[in-house]
Amino acid sequence: MRLKDKLVVVTAAGSGIGRESALLFASEGAAVAVVDFDGGKASSVVEDIRRQGGTAYAVQADLTSPDECKRAVDEAAIRLGGIDILWNHAGTPGPGGIEDVDLVAYQHAMDLNLRASVVASGHVVPHMRKRGGGAILLTASVSGLVGSQFSPIYSAAKFAVVGLGKSLALALAADKIRVNVVCPGPVNTPMLPDFMGRGLSAQEAKEVEAKFTAQIPLGRVAEAQDVARAALFLISDDAAYLTGVALPIDGGFTCR
Ligand SMILES: NC(=O)c1ccc[n+]([C@@H]2O[C@H](COP(=O)([O-])OP(=O)(O)OC[C@H]3O[C@@H](n4cnc5c(N)ncnc54)[C@H](O)[C@@H]3O)[C@@H](O)[C@H]2O)c1
């Protein structure tokens, strides 16, 4: 059990990568606060975890609101009895392209990908200090390591998330809080068509995905489990000496 008795918060845990990770963390002994905008999805993950004999609580929150970010952290701390680990996983692809960029969509992407991580990370620090330390994980993307032709706003936000992770690693080391960042390539979740298919027909989207997959040395897009297992490593004591790492989980895509 790699997370025995750990008190873990995962945002955007109602679907995709967050859902698989919440289930995995609970199976490794953690009590998990499942935070999501969609309260129904969060409750269904909690039910699945409890059916497996694990401990979990649902917290509904819209993390585009700073007040909601703080409330979600505080509510999770009350339900769990403290917080050891926070994974700021919520994010969104944002607008494609740069000409006539939709500034409302731009702001939404910045608020969810970046500001939510800033606010929740700051707000969780006193909770972790009380526990004598902890770990924060942030979700960027390969688009936070190399530029994205199709998603420049998303890429800008995720580069900022990588910078935030490295900076918080420095700022919080004295509090024994480790901060790392996962940088997945394309992952087979409900969000994937948003990246590959914006403004395209189903056939065109398939062709874009096939082209992208051909550029991945390991020859496939990731499954949510691939990211969940890497996240488990980074938040567990197996990674006790790792902080400030931005880990590509991309089948070798960013090696070129
Ligand atoms: N899927 C990919 O290809 C991929 C690749 C790299 C990085 N990522 C990153 O992974 C994260 C999630 O991806 P996923 O593929 O698991 O997505 P997903 O679509 O499967 O799940 C996203 C979840 O976020 C929740 N959510 C949406 N808006 C929210 C808000 N305002 N407040 C709280 N929760 C909200 C949704 O209800 C949903 O349950 C994002 O940060 C994304 O940028 C995804």
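Twelve salt bridges are found in this structure, which is a predicted model. Alongside them, a search of the whole structure turns up three aromatic pairs, and a ligand sits among 31 surrounding residues. Here is a quick tour, starting with the charged pairs.

**Salt bridges**

- Side chains of opposite charge can pair when their charged atoms come close.
- Glu 68 and Arg 71 join their side chains in a salt bridge, with 3.0 Å from N to O. Both residues belong to helix 3 (residues 66-80), where they are three residues apart, about one turn of the helix.
- Glu 68 has a relative accessibility of 22% and counts as partly exposed; Arg 71, at 30%, also counts as partly exposed.
- Asp 84 and Arg 131 form a salt bridge in which the closest N and O atoms are 2.8 Å apart. Asp 84 sits in the loop between helix 3 and strand 4, and Arg 131 in the loop between helix 4 (103-130) and strand 5 (134-139), so this pair ties together parts that are 47 residues apart in sequence.
- Asp 84 counts as buried because its relative accessibility, 9%, is under 20%. Its partner Arg 131 is partly exposed, with a relative accessible area of 40%.
- Arg 220 and Asp 226 meet through their side chains in a further salt bridge, 2.9 Å from N to O. Arg 220 counts as partly exposed at 45% relative accessibility.
- Arg 19, Glu 20, Asp 48 and Arg 51 are joined into one network by salt bridges that share partners.

**Aromatic pairs**

- A pair of aromatic rings is described by the distance of the centres and the angle of the planes.
- Phe 25 and Trp 87 have ring centres 6.1 Å apart and planes at 40°, so this pair is tilted. The two residues link distant parts of the chain, with Phe 25 in helix 1 and Trp 87 in strand 4 (residues 85-88), 62 residues apart. Both Phe 25 and Trp 87 are buried.
- Phe 212 and Phe 253 make a stacked pair, with 4.8 Å from centre to centre and 25° between the planes. Phe 212 is in helix 7 (residues 202-214) and Phe 253 in the segment after strand 7 (246-249), so parts that are 41 residues apart in sequence are tied together.
- Phe 212 is partly exposed at a relative accessible area of 22%, whereas Phe 253 counts as buried at 17% relative accessibility.

**Around the ligand**

- Among the 31 residues around the ligand, Ser 15, Asp 36, His 89, Tyr 154 and Thr 189 come nearest.
- The shell is made up of 16 nonpolar, ten polar and five charged residues. Helix 1 (16-27), helix 5 (152-172) and helix 6 (192-196) each contribute at least two residues to the shell.
- An N or O atom in the side chain of Thr 189 lies 2.4 Å from an oxygen atom of the ligand, and a polar backbone atom of His 89 is 2.8 Å from a ligand oxygen atom. A nitrogen atom of the ligand is 3.4 Å from a backbone N or O atom of Ala 61.
- The ligand taken alone exposes 850 Å², and the protein buries 91% of that.

**Backbone spots to look at**

- Ala 12, in the loop between strand 1 (7-11) and helix 1, has a positive phi near 55° although it is not glycine. Ala 12 is partly exposed, with a relative accessible area of 23%.
- Lys 176, in the loop between helix 5 and strand 6 (177-184), has a positive phi near 60° and is likewise a residue other than glycine. Lys 176 counts as exposed because its relative accessibility, 61%, is over 50%.

How values were computed:
Residues numbered from 1 in each chain as written. Predicted model: local features only at pLDDT ≥ 70, side-chain atom pairs only at ≥ 80, totals over all residues. Heavy atoms only, no water. Near = heavy atom within 4 Å. Polar contact = N/O pair within 3.5 Å; in protein donor to acceptor, adjacent residues only side chain to side chain. Areas by Shrake-Rupley, 256 points an atom, 1.4 Å probe, with all protein chains shown as cover. Helix = DSSP H or I, 4+ residues; strand = E, 2+ residues; numbered from the N terminus. Nonpolar A, V, L, I, M, F, W, Y, C, P; charged D, E, K, R; others polar. Phe/Tyr/Trp six-rings, centres within 6.5 Å; stacked < 30°, edge-to-face > 60°. Buried < 20%, exposed > 50% of the residue type's maximum accessible area, 1.4 Å probe, protein only. Salt bridge = Lys/Arg side-chain N within 4 Å of Asp/Glu carboxyl O.
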